[in-house]
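Q: Hi! Could you walk me through this one?
A: Happy to, let's open it up.

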Amino acid sequence: MENFIEDALKATKHSTPEQDEFYQAVKEVLSSLEPLLVSDSKYTKHNILERLIIPDRQIIFRVPWIDDAGKIRTNIGYRVQFNNAIGPYKGGLRFHPSVNLSIIKFLGFEQIFKNSLTGLAIGGGKGGSDFDPKGKSEGEIMRFCQSFMVELSKHIGETIDVPAGDIGVGGREIGYMFGMYKRLTNRYEGILTGKGINWGGSLARTEATGFGSVYFAENILNKQGETLKGKTCTISGSGNVAIYTIQKLYELGALPVTCSDSKGMIYDKNGIHLNSLKSIKEVARNDLREYLKVHPHATYIPRSEYKEGTNAVWSIPCFAAFPSATQNELNLEDIQILHANGCHLVNEGANMPSTLNAIAYMQKNGILFGPAKAANAGGVATSQLEMSQNASMQKWSFAEVDNKLRHIMKSIFELSYATSKEFGDEGNLMLGANIAGFRKVADAMIDQGAV
Ligand code: NAP
């Protein structure tokens, strides 16, 4: 069995050299699957691993756009349609200068299992561009989004592929892309999620990933007879996921004391002031350093002053840590510092924020761990609720959607926990989530034959 997994990893390395993030994501999933593959030979008989690591298709395209000076600029666009065994492709679009095929593939691969875990009928995909929205005017952002959709529109559809937001893609960008799709096709369809409330969006979609992440953490703690109430928490990031993680932490009585952006981090021992954070990052799209102007008692550490090889957010003592910015932002040294300071739980709001050796350290040292594909699945689950509302022409209240989200997060936790128990490692949620997510997709692939 070892060999089977090793062979699949070798094949990945060979066929996709230099796709480090993709390889890391594949390794994380495959390393968990041994007990399942041993218990039932059908997965190896049907060559599922070999088939699963190759996307159904990857679309790479040129995105030309005109800047405010009238100059033609060019970026690369991606949409990787990874696996649609259990439903139409679904997964976000990321606009960030670091985007490349490896990053889109790691995100798309993780998305397959995450979407499966939600219990909803959605397959896995991901896309984006190396376009950097920072420093661009409104007009430039709009023209870029429109040009991106000119090509993307050929590959998506309500029953084909329904993208959403991710880093650098929020309500504004979804709006510009939706507008262009409508113009190109003359169709008013739910081909994107994260839409505005007046034009097909769902209440609570904006909050869903952050809220869901905290619901998941609360489920983990409840199982231990604990809660988040009164606990100090640290959060990285200051975007969509981080902001609504902080909001829900307050609602459950916890004290969130940090947030960060690409330039530095804020530590506010009184608790991050939510309205200030929203007005700096969501409304003004400014640097976090601005926080000091309104809350001079807080501490700001610029990224240039982080101890080399570490993330300063994780140097602040906490009961629970919520990495909610980006991949590989919590490494071995970070987790050792967190552990020394008494951290009990790491709950991943971002995708693949912990390095593989940081995860291994958590598992060895009994630190509770909420893996990304389970902990942050609330966003995509609520996207699917948006699709359901679009298809049935209904509009549910905030409380109704939030309630469904809470139930989905509980059932993801219970499924992951029960699966970890079934395979002899009770409480190992990474193992449970990977096996449960994989099993449903793999069984569907077997039923559907060699396609
Ligand atoms: P976002 O609103 O664009 O915010 C991203 C945040 O992370 C910002 O504070 C940004 O700083 C920071 N950041 C981005 N790249 C960074 C880097 N390379 N180094 C340091 N900081 C960086 O994005 P988001 O939607 O919150 O997404 C955050 C994470 O959650 C991502 O891993 C994403 O894949 C994951 N996720 C998102 C959703 C969702 O529904 N949005 C669902 C599931 C998972 P600046 O402000 O300086 O750019």
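Q: By class, what residues does the shell around the ligand have?
A: The shell has four nonpolar, 14 polar and seven charged residues. Here Ala, Val, Leu, Ile, Met, Phe, Trp, Tyr, Cys and Pro count as nonpolar, Asp, Glu, Lys and Arg as charged, and the others, Gly among them, as polar.

Q: Is this predicted or what, and how do I read the numbers?
A: This is a predicted model, where local features need pLDDT of at least 70 and side-chain atom pairs count only at pLDDT 80 or more, while totals for chains, interfaces and linings use all residues. Residues are numbered from 1 along each chain as its sequence is written, and side-chain values use heavy atoms, with hydrogens and water left out.

Q: Cool. Which residues come nearest to the ligand?
A: Of the 25 residues around the ligand, those are K134, D166, T209, S262 and N351; a residue is near if one of its heavy atoms lies within 4 Å.

Q: And S262, how far is an N or O atom in its side chain from an oxygen atom of the ligand?
A: That distance is 2.5 Å. For an N or O atom in the side chain of R94, a ligand oxygen is 2.9 Å away.

Q: Switching topic: at what angle do helix 2 and helix 6 cross?
A: The axes of helix 2 (residues 20-30) and helix 6 (residues 101-117) cross at roughly 20° and come within 6 Å. The two helices are therefore roughly parallel, a label for angles under 35 degrees.

Notes
Axes are lines fitted to C-alpha atoms, for helices over the stretch in contact, and angles run from 0 to 180 degrees between N-to-C directions. Helices (H or I, at least four residues) and strands (E, at least two) are DSSP runs, numbered from the N terminus. Angles under 35 degrees count as roughly parallel, over 145 as roughly antiparallel, 65 to 115 as roughly perpendicular and the rest as oblique. A polar contact is a pair of N or O atoms within 3.5 Å; within protein, one must be able to donate a hydrogen and the other to accept it, and residues adjacent in sequence count only if both atoms are side-chain atoms.
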